[in-house]
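Welcome! Here is a short briefing to help you find your way around a structure that may be new to you. Please keep the view open as you read.

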Amino acid sequence: MNELNLPAYDVKVRGTREKPEIFDFLRKRYVSLTPEEWVRQHFTHWLVEHKGYPKGLLGNEIAMKCGEKTLRCDSILYNKEASAQMIIEYKAPTVSLTQRVFNQISTYNLLLHVDYLVVSNGLQHYCCKMDYEHQTYHFLDIIPDYQEL
């Protein structure tokens, strides 16, 4: 797997060369190891271990219904009242973070109305804070620590 712009952690991998799996500490099970999953696991570990995000308030692969269609958020941070506060979208390191990626996460936010949107391909990370009063958003220089949210 690619080296990322995220700290290393004690990765737990199993399976075969053809079908490797990585342990997802939030879902508490092994999942298929794809390049996007590699980014997700490193990013969520970084949030918990380095940014102070409570593990119990993060969820991976969260399904949402939009009419007949089911959408899946890569990760969601919930607040203590169990409302979504942040949506995180991951891409493989080889995928550029284009407007299309931001359009995708914005679609999820039409349903959730969160305070923060984050996208990462493991090499680049972007975070924007929503301003619903002025119907705009502001890109932040860094992804805030949990206590700054």
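In this predicted model, 6 strands come together in an open sheet of mixed pairing, and their order is β4-β5-β6-β7-β8-β9. Two helices, α1 and α2, lie against these strands. The points below take the sheet, the helices and the cysteines in turn.

**The sheet**

- β4 and β9 are the edge strands; each has a single partner strand, so one side of each has no neighbour in the sheet.
- On average, and ignoring direction, neighbouring strands are turned by 35° against each other.
- At the β9 edge, β8 and β9 run antiparallel and are joined by 5 bridges.
- If you would like a spot to look at there, D131 stands opposite T136 in β9.

**Helices on the sheet**

- Helix α1, covering residues 35–51, packs on the sheet and touches β4, β5, β6, β7 and β8.
- The direction of α1 makes about 140° with that of β6.
- Helix α2 lies across β4, β5, β6, β7, β8 and β9, and runs at about 155° to β6.

**A look at α2**

- Helix α2 spans residues 99–112, which makes 14 residues.
- From first C-alpha to last, α2 reaches 20 Å, close to the 20 Å expected at 1.5 Å a residue.
- Which residues of α2 are buried? They are V101, F102, I105, Y108 and N109.
- Seen down the helix axis, the buried residues of α2 fall within an arc of 120°, so they line one face of the helix.
- As a general reminder, an α-helix has 3.6 residues a turn, so residues three or four places apart point the same way.
- The buried residues of α2 pack against β4 (58–66), β5 (69–78), β6 (84–90), β7 (116–120), β8 (125–131) and β9 (136–140).
- Q99, R100 and L110 are exposed, on the other side of α2.
- Just after α2 comes H113, which has a positive phi, near 50°.

**The cysteines**

- How many disulfides does the structure hold? The count is 0.
- C127 is in no disulfide: the nearest cysteine sulfur belongs to C128 and is 6.5 Å away, whereas a disulfide calls for sulfur atoms within 2.5 Å.
- Is C127 buried or exposed? With a relative accessible area of 2%, C127 is buried.
- C73 counts as buried too, because its relative accessibility is 0%, and the cut-off for buried is under 20%.

Note on methods
Residues numbered from 1 in each chain as written. Predicted model: local features only at pLDDT ≥ 70, side-chain atom pairs only at ≥ 80, totals over all residues. Heavy atoms only, no water. Helix = DSSP H or I, 4+ residues; strand = E, 2+ residues; numbered from the N terminus. Expected span 1.5 Å × (residues − 1). Buried < 20%, exposed > 50% of the residue type's maximum accessible area, 1.4 Å probe, protein only. Arc of directions from axis to C-beta. Contact = heavy atoms within 4.5 Å. Pairing = 2+ DSSP bridges. Axes fitted to C-alpha atoms, helices over the stretch in contact; angles between N-to-C directions.
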